[in-house]
Amino acid sequence: MILVIGEILIDMVGNIASNSLQLEGKLGGAPFNVASNLADLDVDTTFYGVVGKDVIGLNLFVKQKEDRMTTIAFFLKDKGNFQFLRKIGADYCFNKEELISFPNKETKYVHFGSLFLSNKEARETIFEVIKEYKKQGKIISFDVNFRSDIFEKNEDYISYYLNMIEYVDILKVTKDELEMLTNIKDLLDALKKFNNKKIVFVTDGEKGSYCYYKNKLYFKKASKVIPVDTIGCGDSFMAGVLSYLYNLN
């Protein structure tokens with residue numbers, strides 16, 4: 001089984017119209033998307049996430065937090081970027097005892113989203129939980145999925161990601177994220193900064209993707225398609241990677 005842990009939220013997607021906003025709400029959140037795609041690939045999958053006990057959360061069969069609100073992500077297609085509404089968001093309100101007891105002996109992989117890194121208590125909880133998972137022999141997966149607007153202006157967020165990466169066995173980054181984390185432009189030199197026992201996947205948009213493992217770099221050219229939308233493409237990629245690795249065992 002693959003256990004996926006992280007944010008579940010509502011994506012409000014649309015455009016600015018004349019004197020108004022036209023938005024449509026869809027269930028989202030990178031880890032929730034990964035879990036959903038894994039299920040579509042017939043992989044035994046369980047998702048752990050938290051929503052608020054509100055008009056959105058009451059309609060979802062996941063954990064609800066009484067004093068929190070379900071996180072909302074706004075994406076205006078004509079602007080091309082996300083903006084999160086999560087000042088009292090529920091997405092990072094994890095329960096340590098629940099998470100430690102959640103995996104069973106059938107769980108091989110545990111995949112994490114990254115929005116929790118913006119909250120000190122959530123970071124401490126997840127880092128402690130991962131230590132327990134490692135003792136149980138679980139394989140830890142992590143998608144950097146960087147969003148600058150979830151952190152305070154002068155916050156040392158790079159250190160949070162690097163701390164998390166120390167724990168993981170499977171890492172996914174974009175080419176831009178890799179440069180940001182290592183401050184190195186050359187792809188191979190940047191990858192050498194990581195423990196060569198990790199499997200690192202690097203996506204490079206329409207060009208394709210890379211895999212780095214045991215000091216060897218592999219590249220796969222992307223297939224040309226006409227995309228309906230690019231939202232969640234990285235999550236689909238991550239699900240495909242995890243499905244492949246899971247089925248190797």
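## A first look at the chain

How many helices and strands does the secondary structure of the chain come to? The count is seven helices and 14 strands; both are DSSP runs, numbered from the N terminus, with helices (H or I) needing at least four residues and strands (E) at least two. This is a predicted model, in which local features need pLDDT of at least 70 and side-chain atom pairs count only at pLDDT 80 or more, while totals for chains, interfaces and linings use all residues. Residues are numbered from 1 along each chain as its sequence is written, and side-chain values use heavy atoms, with hydrogens and water left out.

## Inside and outside

The chain has 249 residues, and 47% of them count as buried. Here buried means under 20% relative accessible area, exposed means over 50%, and partly exposed is in between (1.4 Å probe, protein chains only). About 13700 Å² of the chain is exposed, with carbon and sulfur atoms supplying 49% of that area. Accessible areas come from the Shrake-Rupley method with a 1.4 Å probe, and for residues only the protein chains shown count as cover.

Contacts (heavy atoms within 4.5 Å) tell us how the chain comes together. Among those between residues at least 6 apart in sequence, 62% join residues at least 24 apart. Another pair to look for is Ile 10 and Thr 70: they are 60 residues apart along the chain, and their C-alpha atoms are separated by 7.5 Å. Ile 10 belongs to strand E2 (residues 9-17) and is buried, at 12% relative accessibility.

Helix H1 (residues 30-40) offers a list of buried residues: Ala 30, Pro 31, Phe 32, Asn 33, Val 34, Ala 35 and Leu 38.

## Salt bridges to find

A search of the whole structure turns up six salt bridges. The term stands for a side-chain nitrogen of Lys or Arg within 4 Å of a carboxyl oxygen of Asp or Glu. One of them joins the side chains of Lys 135 and Glu 132, at 3.6 Å from N to O. These two residues are three apart in helix H3 (residues 120-135), so about one helical turn separates them. Lys 135 is exposed at 67% relative accessibility, whereas Glu 132 is partly exposed at 28%.

Asp 143 and Lys 172 form another salt bridge, with their closest N and O atoms 3.3 Å apart. This pair links distant parts of the chain, 29 residues apart: Asp 143 is in strand E10 (residues 139-143) and Lys 172 in strand E11 (residues 170-174). Asp 143 is buried, with a relative accessible area of 4%, and Lys 172 is buried at 4% relative accessibility.

## Around Asp 204

Which residue meets Asp 204 in a salt bridge? The partner is Lys 175, with 3.7 Å from N to O. Lys 175 lies in helix H5 (residues 175-182) and Asp 204 in the loop between strand E12 (199-203) and strand E13 (208-213), so the salt bridge ties together parts that are 29 residues apart in sequence. Lys 175 is partly exposed, with a relative accessible area of 30%, while Asp 204 is buried, at 15%. Leaving aside residues up to four places away in sequence, Asp 204 touches Lys 175, Ser 209 and Tyr 210.

## The largest pocket

Rolling a probe the size of a water molecule over the atoms shows where empty space is left. A pocket, on a 1 Å grid over the protein atoms alone, is an open set of points where a 1.4 Å probe fits, with protein on both sides within 12 Å along at least five of seven lines; lining residues have an atom within 4 Å of a point. The largest pocket holds about 1400 Å³ of space, a volume being the space filled by probe spheres set on the points, which are joined across faces, edges and corners.

Of its 44 lining residues, Gly 205, Thr 230, Gly 232, Cys 233 and Gly 234 are the closest to the centre of the largest pocket. Helix H7 (residues 233-248) gives the largest share of the lining, five residues. By type, the lining divides into 14 nonpolar, 15 polar and 15 charged residues. Nonpolar covers Ala, Val, Leu, Ile, Met, Phe, Trp, Tyr, Cys and Pro; charged covers Asp, Glu, Lys and Arg; the others, Gly among them, are polar.

## Positive phi values

Most residues other than glycine have a negative phi. Asp 42, which follows H1, has a positive phi near 65°. Asn 183 has a positive phi near 60°; Asn 183 sits in the loop between H5 and helix H6 (187-191) and is exposed, at 72% relative accessibility. Asn 215 has a positive phi near 65° and lies in the loop between E13 and strand E14 (216-221).
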